[in-house]
There are 2 protein chains.
Amino acid sequence: MKHEYFSSVLKKCGVKVTKQRVAILEVFEEGCKPISAEGIFGVLKKSKKVSVDLATIYRNLQVLEAHKVIRRVDLRGDSQLYELGGHHHHHILCTACGATEGFDFCIANTIEKHVVKQSKKFKVITEHAVELFGICSECVSKSKK
Amino acid sequence: MKHEYFSSVLKKCGVKVTKQRVAILEVFEEGCKPISAEGIFGVLKKSKKVSVDLATIYRNLQVLEAHKVIRRVDLRGDSQLYELGGHHHHHILCTACGATEGFDFCIANTIEKHVVKQSKKFKVITEHAVELFGICSECVSKSKK
DNA sequence: CTTGTATTGCAAACTGTTCGCATTACTGTA
DNA sequence: TACAGTAATGCGAACAGTTTGCAATACAAG
Ligand SMILES: [Mn+2]
Ligand SMILES: [Mn+2]
Ligand SMILES: [Zn+2]
Ligand SMILES: [Zn+2]
């Protein structure tokens, strides 16, 4: 069960298993799109199973990110977005309606090699952000009308 | 001269040529690293040639970005960074000291083609963000000591 | 069950950014 | 060059997202 799984994840991190933390992680599971602190807050408030303070959510996002259970996604919004840190992938965002989609394709290695070869300053690369922005088909057809 | 050049850029945009705007653009020219509103504010305050209000800087960053004179750079900081919109390039940031470097290498086309081929939702891609994060050689050698 | 400490909730603080409004200064025209 | 109309500025206040201090709570180890 999910509860069990998230509990074990938290235990492995060496942090306490609180109902707030499990609840937050469960929210990530529901939708596969990156979500903000406020977004999580909204989902939990609506579900009414657990009441979690917004500050608690922010604090836990930090904890969970530090332990790499979740990761930040940079999609140019006005708030920080996070998603479960499972498999490596990137995103494309519709700048018209905000829809997102993930894609597994990643050639960061190629980029990194080139950069390391050419740069004197940087020989160690640890992370990369690759995000695309466009117009989703739905918005395209809307705009044609 | 720079003044002249930036004036003409602003005229082409169809906006007024104010000393504040020219001053802001001149700040971008000095350093080739992305800079924030507060950063520009600091530079201008120190230079003492022109006094520009912070709100004015924010407003102008919006105007200049809208006209593609400058562009936003997403480097995960806590404030928005911008740089002159000249030639297309990407950045690598040292997560230890904050140093940045630009690189021209870009294979976004390849990524975009793959995504468009695989995605049903997205056929139109307009922009991309590709940023690398690592440790610069200086910080690497420091950490070894 | 008891105890020690990590975590929570709540309120207040903080930071980066935006906005309203009166004043100023560009720019086009005469 | 003078003038008028309007875009842009400065200033203060507002705002959104996020962080923090502190007392109360609830995990987890013994
Ligand atoms: Mn995703
Ligand atoms: Mn650059
Ligand atoms: Zn990747
Ligand atoms: Zn590119």
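Q: At about what angle to strand 5 of chain A does helix 6 of chain A run?
A: In this predicted model, helix 6 (residues 137–144) of chain A lies across strand 3 and strand 5 of chain A together with strand 5 of chain B. Relative to strand 5 of chain A, the helix runs at about 40°.

Q: Which strands stand at the edges of the open sheet of six strands?
A: Let's follow the order, which is 4(A)-3(A)-5(A)-5(B)-3(B)-4(B), with mixed pairing. A strand at the edge has a single partner strand, so one side of it is left without a neighbour in the sheet. That describes strand 4 (100–103) of chain A and strand 4 (100–103) of chain B.

Q: Which residue is the bridge partner of His90(A) in strand 4 of chain A?
A: Strand 3 (residues 90–94) of chain A and strand 4 of chain A run antiparallel, joined by four bridges. Within strand 4 of chain A, His90(A) is partnered by Phe103(A).

Q: What is the arrangement of the four donor atoms around the zinc ion (ligand 3)?
A: The ion is coordinated by His88(A) (NE2), His90(A) (NE2), Cys106(A) (SG) and His128(A) (NE2), at 1.9 to 2.2 Å. Ideal angles for four tetrahedral donors are 109.5 degrees. Here the donor atoms subtend angles of 99 to 114°, so the arrangement is tetrahedral.

Q: Is His128(A) buried or exposed?
A: Along the chain, His128(A) in strand 5 of chain A is 40 residues apart from His88(A), which sits in the loop between strand 2 (81–84) and strand 3 of chain A. His88(A) is partly exposed, with a relative accessible area of 43%. The cut-off for buried is under 20%, and His128(A) has 17% relative accessibility, so His128(A) counts as buried.

How values were computed
Residues numbered from 1 in each chain as written. Chains lettered and ligands numbered in written order. Predicted model: local features only at pLDDT ≥ 70, side-chain atom pairs only at ≥ 80, totals over all residues. Heavy atoms only, no water. Pairing = 2+ DSSP bridges. Helix = DSSP H or I, 4+ residues; strand = E, 2+ residues; numbered from the N terminus. Contact = heavy atoms within 4.5 Å. Axes fitted to C-alpha atoms, helices over the stretch in contact; angles between N-to-C directions. Donors = N, O, S within 2.8 Å, 3.2 Å for Na, K, Ca; no water. Tetrahedral: all angles 85-135°; square planar, octahedral: opposite > 155°, others 65-115°. Buried < 20%, exposed > 50% of the residue type's maximum accessible area, 1.4 Å probe, protein only.
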